[in-house]
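Subject: The structure you asked about

Hi,

Here is the structure, with my notes on it underneath. Have it open while you read, and shout if anything is unclear.

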Amino acid sequence: MNRGRHWPEGFSSCVEHIMQEIKPAYERIERTRLRNQLAMLSAFRSAGVRESDFSCSTGYGYGDRGRETLEKVYANYFGTESALVRIQMVSGTQAISQALIALCSPGKELLSVTGQPYDTLLPTVEYLKRWGVRYRCYDVWESGLDELPVFRDTAVVFIQRSGGYRPGRSLGVEKIGEICKRAKELNQKVVCLVDNCYGEFVQEVEPTHVGADVVAGSLIKNPGGGLAPSGGYIAGREDLVRKVAEVATAPGLSGEVGPSLGFNRLLYQGFFLAPHVVAESLMGMVFFARFMAELGWETRPAWNEPRSDIIQSVVFRDRELLITACKCIQRASPVDSAVTPEPWDMPGYEDPVIMAAGTFVQGASIELSADAPIRPPYAMYVQGGLVREQVLEACAEIYRALGKQPSSWKTQKELLQIEQ
Ligand SMILES: *Cc1c(COP(=O)(O)O)cnc(C)c1O
């Protein structure tokens with residue numbers, strides 16, 4: 001089966017029987033992909049994309065039709081009035097942080113309803129507090145919707161779609177719709193802002209189709225389709241997007257400036273491919289979950305559970321095993337396969353983090369990558385995969401290093417010591 005490195009004994013037959021078993025899950029993913037890909041095509045056609053939109057603008061980037069049309073394509077897909085899609089936004093953190101800063105105001109409250117925001121956004125919360133924004137953290141997972149603390153002074157309800165480093169806690173879009181509806185019953189003027197990272201195209205609807213006012217995310221995750229070299233986006237109500245644009249550039253300049261610097265085609269093409277690429281990565285993760293369960297590990301979600309983001313977590317309950325698994329994923333990468341990842345103190349994260357990312361675009365997690373904060377329960381978060389075949393190779397590496405079907409993690413550890 002594999003003309004490159006030989007797969008370990010027993011691995012091919014393991015792949016074959018898993019492939020048979022996961023077929024129904026693949027069919028579900030293919031149905032979603034079909035719907036989303038056609039919606040994407042339609043978003044392009046309605047925006048009137050032309051080849052000349054791929055040309056380059058520099059300096060201020062005034063009148064860059066390509067940039068404006070790209071933003072129209074995003075707005076069409078997300079069903080919003082407006083969008084801001086910029087290579088100058090370094091990442092999801094910047095897009096979401098700018099949205100928070102633009103939409104919150106002193107004396108008013110920011111309510112995060114999915115517990116604390118993602119690690120890299122916590123400094124933004126501290127920054128807002130220093131500016132007099134009141135902050136409240138609520139957990140819809142624990143406390144439900146009945147007691148949702150939205151009051152007259154609540155300006156922004158912040159919702160994180162993906163579970164992030166909290167396995168099993170990604171929100172389905174339907175649930176996001178319920179939160180938005182409830183929040184607006186309590187305060188009609190409240191703005192519902194969704195951190196959409198890792199969620200785009202996983203389902204057939206987006207939060208903005210079910211009541212969210214603004215979504216924001218990263219172009220080196222799902223919507224970049226693996227081609228965007230950097231960038232972030234926000235999409236939503238026109239007045240709100242304009243406010244964010246004023247923070248992103250300057251009040252008075254807003255979204256009217258911003259050179260595309262020759263990157264337009266990659267952003268268009270990546271967005272066009274994104275429903276396909278996200279489906280590909282979901283198929284990879286379904287296989288990965290089934291495979292790791294075969295080896296005896298705890299996986300979340302399980303291979304046959306519904307998914308609302310592209311993240312797959314595997315719990316190792318052991319530091320060394322976790323690090324070994326991350327190294328296996330790096331080894332199976334098309335880029336930097338000879339690099340050995342080590343835990344390090346990444347800016348923005350509380351604990352040391354180990355990251356396997358043998359990616360074409362630095363840190364792009366729509367490409368097959370794994371990261372893990374070095375803290376109990378020693379869970380690895382795997383996501384992406386431009387091609388699902390790479391996941392098989394990563395599994396072969398893990399099979400080689402960790403062996404098959406232990407009865408418990410202790411046996412796994414013994415196995416590992418024998419290997420070394
Ligand atoms: C990745 C991520 C972010 C931040 O995105 P970066 O592109 O890494 O800055 C924010 N929120 C969630 C849920 C994420 O997964």
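How far is an oxygen atom of the ligand from an N or O atom in the side chain of Ser218? The distance is 3.4 Å. Before going further, please keep in mind that this is a predicted model.

**Around the ligand**

Let me stay with the ligand for a moment. Its surroundings include Ser91, Gly92, Thr93 and Ile96, along with Gln160 and Cys197. Tyr118, Thr120, Asp195, Tyr198, Ser218 and Lys221 are also among the residues around it. Asp195 puts a polar side-chain atom 2.5 Å from a nitrogen atom of the ligand. For Lys221, a polar side-chain atom is 3.0 Å from an oxygen atom of the ligand.

Lys221 is worth a second look. Its charged end sits over the ring of Tyr198, 4.1 Å from the ring centre. Lys221 also lies over the face of Tyr118, this time at 5.6 Å from the centre of the ring. Both of those tyrosines are on the list of residues around the ligand, as is Lys221.

**Aromatic rings**

There are plenty of rings to look at: searching the whole structure turns up 22 aromatic pairs. Take Tyr60 and Tyr62, whose ring centres are 5.2 Å apart. Their planes meet at 35 degrees, so this pair is tilted. Are these two tyrosines buried or exposed? Tyr60 is exposed, at 59% relative accessibility, and Tyr62 is exposed too, at 55%.

Then there is the pair of Tyr77 and Phe78, with ring centres 5.7 Å apart. Here the planes are at 85 degrees, so the pair counts as edge-to-face. Tyr77 and Phe78 are both buried. They also belong to one aromatic cluster, together with Tyr74, Phe201, Tyr233 and Phe271.

**Backbone oddities**

Phe201, from that cluster, turns up again when you look at the backbone. Most residues other than glycine have a negative phi, and most peptide bonds are trans. Phe201 has a positive phi, near 70 degrees, without being a glycine. You will find Phe201 in the loop between β5 (191-195) and β6 (214-218), and it is buried, with a relative accessible area of 2%.

Ser254 is another non-glycine residue with a positive phi, of about 55 degrees. Its place is the loop between α8 (238-248) and α9 (264-294). Ser254 counts as buried, at 10% relative accessibility.

Where are the cis peptide bonds I'd point you to? One runs from Arg300 to Pro301, with omega near -5 degrees. Pro301 is in the loop between β8 (298-300) and β9 (312-315). Another cis bond joins Pro376 and Pro377, and its omega is about 5 degrees. Look for Pro377 in the loop between β11 (369-373) and β12 (379-383).

Pro301 also comes up as a neighbour of Ala289. Ala289 is in helix α9 and is buried, with a relative accessible area of 0%. Leaving aside residues up to four places away in sequence, Ala289 touches Thr299, Pro301, Ala302, Trp303, Arg307 and Gln312. If you want a distance to try in your viewer, take Ala289 and Ile366: they are 77 residues apart in sequence, and their C-alpha atoms are 17 Å apart in space.

**Cysteines**

How many disulfides does the structure hold? Zero. Cys137, for one, is in no disulfide, and the nearest cysteine sulfur to it is that of Cys104, 14 Å away. Cys137 counts as partly exposed, at 36% relative accessibility.

Why is Cys395 not bonded to Cys14? The closest cysteine sulfur to that of Cys395 is the one in Cys14, but the two are 8.3 Å apart, which is too far for a bond. For comparison, the cut-off used for a disulfide is within 2.5 Å. Cys395 is buried, with a relative accessible area of 0%.

That's everything from my side.

Cheers

Note on methods:
Residues are numbered from 1 along each chain as its sequence is written. This is a predicted model: local features need pLDDT of at least 70, side-chain atom pairs count only at pLDDT 80 or more; totals for chains, interfaces and linings use all residues. Side-chain values use heavy atoms; hydrogens and water are left out. Helices (H or I, at least four residues) and strands (E, at least two) are DSSP runs, numbered from the N terminus. Buried means under 20% relative accessible area, exposed over 50%, partly exposed in between (1.4 Å probe, protein chains only). Rings of Phe, Tyr and Trp (its six-membered ring) pair if their centres lie within 6.5 Å; planes under 30 degrees apart count as stacked, over 60 as edge-to-face and the rest as tilted. A charge sits over a ring if NZ of Lys or CZ of Arg is within 6 Å of the ring centre and within 35 degrees of the ring normal. Contact means heavy atoms within 4.5 Å. A residue is near a molecule or strand if one of its heavy atoms lies within 4 Å of it. A polar contact is a pair of N or O atoms within 3.5 Å; within protein, one must be able to donate a hydrogen and the other to accept it, and residues adjacent in sequence count only if both atoms are side-chain atoms.
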